[in-house]
Amino acid sequence: LGASIFFSPHALDLAEAAIRRSAERGELLREQFPDHLVDYRLALRLIKLHGILVARARTAAAAAAAARLDTIAAEDPNPRTAFAVNSHLGEEMFRANDWSTATLDRLMDACAAYEELRGQTLAIAELGERVEYLHPPFAQATEVALQLGQAELAFHLLERSKARSLLEALRGQDTAIGEAQEGVLAEEHALWRAVQEATSEFTRSPDGETPDDRARRLYQAEQRVDELQPKLEELWRSLADDHPAVIAHRMAKPVTGAEVAAALAARPEDPVVIEFFAGPRTVSAFILDSAGGLRSHRIADSDDEHWMDLRRQVAEADADDGDITDVLGHPALAELAAFVGEVAAGRPAFIIPHRFLHQVPLHLAAGQDGTLAPRPRTYHLPSASLLRYSVPVPTAAASALVGGDPLGDLEFASLEAATVAGLAGSHRAPSAG
């Protein structure tokens, strides 16, 4: 507490003295009570001390504190300590523009510890509720990987950051992978449902239930999960080689570049994926095609005045009931539209935004007269991992007739109708307005 109070540019002496006293007491407690809870709390104090030492440019002392943090994290089997230590040290290196493999390793270790905290490995119950307040450094890790020229790794890190919660929401839906009627897949389905039914008891609150009744019900549910979980885990291990899609679905694993290429190859007209990354230092894009090619393209620096202004206008539009009129004429949007058009080159394009770009109409392009119109066969996805579940639909022999804004008094309705027509491979009928 004292260190928090004194931690200001004018009181770093007091801050350092206070946190050192706290850390010394933590070290004594760790010697007397070798409990991993003490490890975590001691690490938090040393993290604060390290931050003070970095702020005071005391390089040798900061390095000693970092070494001590590494030792504590290595000895504590709980991933929360590894997450806290590697997040802090990795982000310090990132802020110092240390574009090295050591920085990348730090940040990736923090991300791995975060995923372990969320229960990634053979997870069964609801994931991650106790760690939602944590902020894993996926964006920083993606940025460093790009700086090091590791586009495939950077794409995978981005998908891990974006897709996890979405895939966790989908993993209980059997329609995404098809419901097996017999054999080992049917057994997996039955076990999965039984586990879900047992774990649902932990979120139920029946009316009139007494504390004793609740304790008894939850104890029985816990015993049921403990009985079923090893069976399901063993079944997953046996399915891993012959049914990888089932395991990827249940485990909520983000898609890889190779999987994206396979999904694109299964679709006609050579489609392309353009996944944007609005990072802390750069705005970039990943381009993936059906031949397995994956490349990254740096669009702008994040602190470029045009991009900072675009973010500001998007935030203002969000606060103003979603009115994006000003955003539509922004030069940064025109730059994005030109980039998408150049990459797509007339092919179907799956556009995957990131952060504030989700609120930008990336499917629009400026015509020769300067007016905006939807680009044909341009599809928005929240994550490339959804390509694992979508199935190509054969083009219908008949076309659809799409009309919109017959009186000419509905703002943006013509654009919406044209967008739907483009997705359906048809043409929008002229409006009456």
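**Strand β1 and its partners, a helix pair, and two positive phi values**

In β4, Ala349 serves as the bridge partner of Val272. This pairing comes from a predicted model, and it offers a convenient way into the strands around β1. Strand β1 covers residues 272–278, and strand β4 covers residues 349–352. The two strands run in the parallel sense and are paired over four bridges.

On β1 there is also a pairing with strand β2, residues 282–289, this time in the antiparallel sense and over seven bridges. Here Val273 of β1 finds its bridge partner in Leu288 of β2. The connection from β1 to β2 is a hairpin of three residues. With these pairings in view, it is worth looking at how the side chains of β1 are placed. Val272, Ile274, Phe276 and Ala278 point one way from the strand, while Val273, Glu275 and Phe277 point the other way. The residues on both sides are buried, Glu275 included. Strand β1 is thus mostly covered, with seven of its seven residues buried under the cut-off of 20% relative accessible area.

Attention now turns to a pair of helices. Two packed helices are described by the angle between their axes and the distance between the axes. For helix α4 (residues 59–75) and helix α5 (residues 79–95), the angle is about 155° and the axes lie 9 Å apart. Because angles over 145 degrees count as roughly antiparallel, α4 is roughly antiparallel to α5. The crossing of α4 past α5 is left-handed. On the α4 side, the contact is made by Ala66, Leu69, Asp70, Ile72 and Ala73; α5 contributes Thr81, Ala82, Val85 and Leu89. By residue class, this contact consists of seven nonpolar residues, one polar and one charged.

Two loop residues round off the description through their backbone angles. Most residues other than glycine have a negative phi. Ala345, a residue other than glycine, has a positive phi near 50°. This alanine is found in the loop between α15 (331–344) and β4. Ala345 counts as exposed because its relative accessibility is 56%, and the cut-off is over 50%.

Beyond β4, the loop that leads to β5 (364–366) holds Arg355. Arg355 is not a glycine either, yet its phi is positive, at about 55°. With a relative accessibility of 44%, Arg355 therefore counts as partly exposed.

Key:
Residues numbered from 1 in each chain as written. Predicted model: local features only at pLDDT ≥ 70, side-chain atom pairs only at ≥ 80, totals over all residues. Heavy atoms only, no water. Buried < 20%, exposed > 50% of the residue type's maximum accessible area, 1.4 Å probe, protein only. Pairing = 2+ DSSP bridges. Axes fitted to C-alpha atoms, helices over the stretch in contact; angles between N-to-C directions. Parallel < 35°, antiparallel > 145°, perpendicular 65-115°, else oblique. Left-handed = near helix turned anticlockwise from the far one by under 90°. Contact = heavy atoms within 4.5 Å. Nonpolar A, V, L, I, M, F, W, Y, C, P; charged D, E, K, R; others polar.
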